[in-house]
Amino acid sequence: MACLCRYGSSVALRLRYGGGARGGWLGRSYSSRETGPAHPDSNPSRLLRDKSEKERRQRERLAAIHAENARGTACEERQMKWTEKEKIVYSIPTKPGEKKDTSVPLPAGYSPQYVEACWYAWWEKQGFFQPEYHSRIPYAVERTYSLCIPPPNVTGSLHLGHALTVAIEDSLARWRRMRGCKVVWVPGCDHAGIATQVVVEKRLYREKGVRRQDLSREEFQHEVWRWKEQKGDEIYHQLRKLGASLDWERACFTMDRKFSSAVTEAFVRLQEAGLIYRGHRLVNWSCALNSAISDIEVDSVQLSGQTLLSVPGYQEKIPFGTMVTFAYPLEGEEGEISVATTRPETMLGDVAIIVHPEDPRYTNLHGRHARHPFTGRLLPILTDPLVDPHLGTGAVKCTPAHDPRDFEVSLRHALPRLSVIGGEGTMTELCGDWLQGVKRFEARQRVLDALKERGLYRSTQEHAMLLPLCSRSGDVVEPLLKSQWFLRCDQMARRAMEAVDDGQLDIIPSFHKKTWKNWLSNISDWCISRQLWWGHQIPAYRVSFPGSCDKQEQDDSDALWVCGRNQEEVKRSAAKKFGIPENLITVTQDTDVLDTWFSSGLFPFAMLGWPEQTPDLHEFYPNSLLETGSDLIFFWVARMVMLGQELTGQLPFSQVFLHSMIRDAHGRKMSKSLGNVIDPLDVISGVSLQRLHEKVQEGNLDPREISIALEGQKRDFPRGIPECGTDALRFALCSYRSQGDDINLDIGQVVTARHFCNKIWNAVKFTLGALGDQFEPLPLQEVSPASAVDRWVLSRLYHAAVECERGFEHYDFHAVTVAIHSFWLHSFCDVYLESVKPLLQTGSTEQADRARQVLLLCVGQALSLLAPFMPYLSEELWQRLPRPAGQEPSYHSISVAPYPEPSQLAHWNSPEEEANFLFVQEVVRVVRSLRAEYQLTKARPELYIQCSELCFREILESFSTPVQALCRSGAIFFFSTLEGAPSGCAVGIVNDSCQVYLKIQGLVDLQKELAKLGGRMERLQAQLDQAVARTWVQQYEERVPQHIREENTRRISSTKTELERTQQMIENFRSMLPERD
């Protein structure tokens, strides 16, 4: 209602709530969907509470961050620790599209700039990313995999949210391609009607001093196309830089001729099916843009009370967050009836006052009237059960032309609808000469002054509310009554819900399914027309012919409007509709354009040539997957499903994966005004703090926002952002859990991923050096592990492949990256490489050759596991690996080489060796602990191992070479419990059956170690005395539970054992002391 929280809904104008200071409606959604952003929850009160609570927590978190920064106590762990790396450039002359020369030696260290040079142009020229290449792959399977990139707005450049989308989708496309599927991943750009028009208008005024209205529509569109060519190329450059394996031959732009034809066809078919109609209804309106706007372009700002805000077109800030109470005098008798409103300027359009039928305060006023103080209009006092009598006065003013709920009330009570605010945000002639032409918020104060003069003003109070703002212009959204084109959504929404309920459409993560159902079950008709010059002009025509002026008296909705694919078709349809010869008919096309989301909703099939029955449409539609951010589930995903089912008779895709949203390291939404929006290219190539500052200053922020943004950049990136490379950025983005909470991205994580790249680089470099020039690799099936550690590492490789397959199948990219990282770092680099180094140097020729085969196999397979996430690094290193004879012609690139299949590696699965190696790792841990304790950094002391059980000794003997290498020990000796412990050793306990003795005599200060052991004896004795004392309590056996008594017994026993061993060590050290004369 006009009197209650006009801007006070978390969903802008679609849902309105009671709860104001002076009366209100019970919470219920009345209006069409396009009167404001819809919300999935059908319980408005709970929605408001949940949203308010979430925003409260977010404000508290931000306040804590700001307070922390103000005190200068920002956590050190959030400060990136990095040193500038040498940038190595690939300098060999290479023409675009030519293959990079990999015959030259690898540089000393990993450098992203060197690694990423030349590869993308070669991939593209070779056609690896096109589905047609599928026929050249020997392991190809008869299965297609198709998806489209969510088309970014042509006006902007990519941010980290886009980078996450690219990283996820490209990893899936590359994985499927390496699995033998026929993959097509289609790129594109969205024309972004409002955003593009605003940007181009600003540029024209800034550069030429020209306003849009100074140009013809055609001249302005020409300027937009020029802008598109510039910005579109920039976005495609960024996508290539990110390594996206897109099929550029199929790239499409939503304003291209073919795509525009698809949009026209869709509109006409939907109109012919009775789903599109013209109606006079309330819509979200931006007065600054002078256009209706879509839900996605409305932002709701929480106000806790009176707040001054800047509004386009006003010199002074405007107060919001107040509730004004005023009175209407009763007609024909003394008395008044009070109402309250957050928007007093709309009272000029009031046509009634509504009360609850059972409210005893107003029973005597039912059917009576109040007199409007400025227009003299009589306002009937009506009853409606949806009024909440317990809120404020219980009397609600009704302004049908400026509030969606009031509009619905006017339909029930046959009330007039008076538009008192025009499209440009000024008061209309219905307000009278004293307000006509006055800006709406200036009129607000004039109305208040006039009410005070007449003695009708009662009070103004602070009032918490949500204010809807246009995200494109910053203007306060105004609900206005306009003739627009609408799309009926109820039947399409029902089919979309049934598709999920029946399992035809799978939404991942599954918790989004509830949101999907709640939102679609409350959907209303969609306003699809926009008052812009840039976009798809609506294929609807106003018809004129002799006598048609008589029909203009009818409802403007449909009387003289005809839709068609072109003017000739429209004339034929009009002649048939009105019974008039074609030569007497004149048609004029609607100047409005379609909502950008309408054309975007056609993307999955229009990109493949629809409505023509093209080979691509036949082969790749429906798409296999739709992957996008979870914030687009309503505005894009749902509309694609509805339009796809309606226009093609099929779901546009069978699966939807919605990834989490990216925030900064502090958990804040990324915003230019905070200075935390990051260009992926700045992470890839590195950027100085000064350049980050320059980018902010080159934008469109006001001076105060610039100051905040610069301070934020200085705090978060005091030294700028280091060069991390594409591979590190992609891997870091995919390493976050993308199926749950928001992702708090820390650039430090990307730096860590770069270090991981360097680790891989060095591992492969070592491998290539170890293989030598005469090495002849065997096919994978013929590689036979010779040692226990060979069997162990190949088993770990098998399990890594299993985890990768499982993770990809379930869209758990975090699990895939963990498996890859763990194998490379912990299994291969930290263990296997160190274990085989001695063997390669001193082992027999046969042992060394078999170890080299395993070494190469691990590197090749692990690079293939890595390739979907790190395409550049994996290609650079894979190209240098020797191939078995006959393989080279089949796989020219790792991007078209087979992905490791668990079924092909299953014969290497060795649970026994993996279980055994866990024991080996525990031995290594204990020995390394002794080395650290005695600060043995370079020495390689002898190692004695005592095992009371033969099985443990056999395990360690089979892994003796890795044990020696990983412990960095000298010779290893085994002895039984019957033999005496060696002298001059430090003792480590592995378990009850195994102890290690590290020969330290001559390597440590004995007197210092004896002092340490003396202190340990005292501590152990105190622990033993304390444990024994617990057993002395009266009736210990009866009063203390059995499990506690058992624990005390174990503790006493283990402490005694430790005491005995420590005493033995003391005696051992004393025996090492030189005898005194």
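A cavity is a set of grid points where a 1.4 Å probe fits but cannot get out. Keep that in mind as you work through this predicted model.

**Exercise 1.** Work out how many cavities of 30 Å³ or more the structure holds, then describe the second largest cavity by its volume and its lining.

*Solution.*
- Start with the count: there are seven cavities of 30 Å³ or more.
- Now the volume: the second largest cavity comes to about 90 Å³.
- Next, look at the walls. The lining has 10 residues, and T83, K85, P722, E723 and R754 lie nearest the centre.
- Finally, sort the lining by type: four residues are nonpolar, two are polar and four are charged.

**Exercise 2.** Decide whether T628 is buried, partly exposed or exposed, and find what it touches.

*Solution.*
- Locate T628 first: it sits in strand β30, residues 626-629.
- Check its relative accessible area, which is 2%. Buried means under 20%, so T628 is buried.
- Then skip the neighbours within four places in sequence; T628 is in contact with P150, W636, V637, F657, L658 and H659.

**Exercise 3.** Do the same for K439: is this residue buried, partly exposed or exposed?

*Solution.*
- K439 belongs to the loop between α8 (404-413) and α9 (440-453).
- Its relative accessible area is 32%. Partly exposed lies between 20% and 50%, so K439 is partly exposed.
- Leaving out residues up to four places away in sequence, K439 touches G313, Y314, G425 and T426.
- One more distance: K439 and G422 are 17 residues apart in sequence, and their C-alpha atoms are 9.5 Å apart in space.

Conventions. Residues numbered from 1 in each chain as written. Predicted model: local features only at pLDDT ≥ 70, side-chain atom pairs only at ≥ 80, totals over all residues. Heavy atoms only, no water. 1 Å grid on protein atoms, 1.4 Å probe; cavity = no way out; pocket = protein on both sides within 12 Å on 5 of 7 lines; lining within 4 Å. Points joined across faces, edges and corners; volume = space filled by probe spheres on them. Nonpolar A, V, L, I, M, F, W, Y, C, P; charged D, E, K, R; others polar. Helix = DSSP H or I, 4+ residues; strand = E, 2+ residues; numbered from the N terminus. Buried < 20%, exposed > 50% of the residue type's maximum accessible area, 1.4 Å probe, protein only. Contact = heavy atoms within 4.5 Å.
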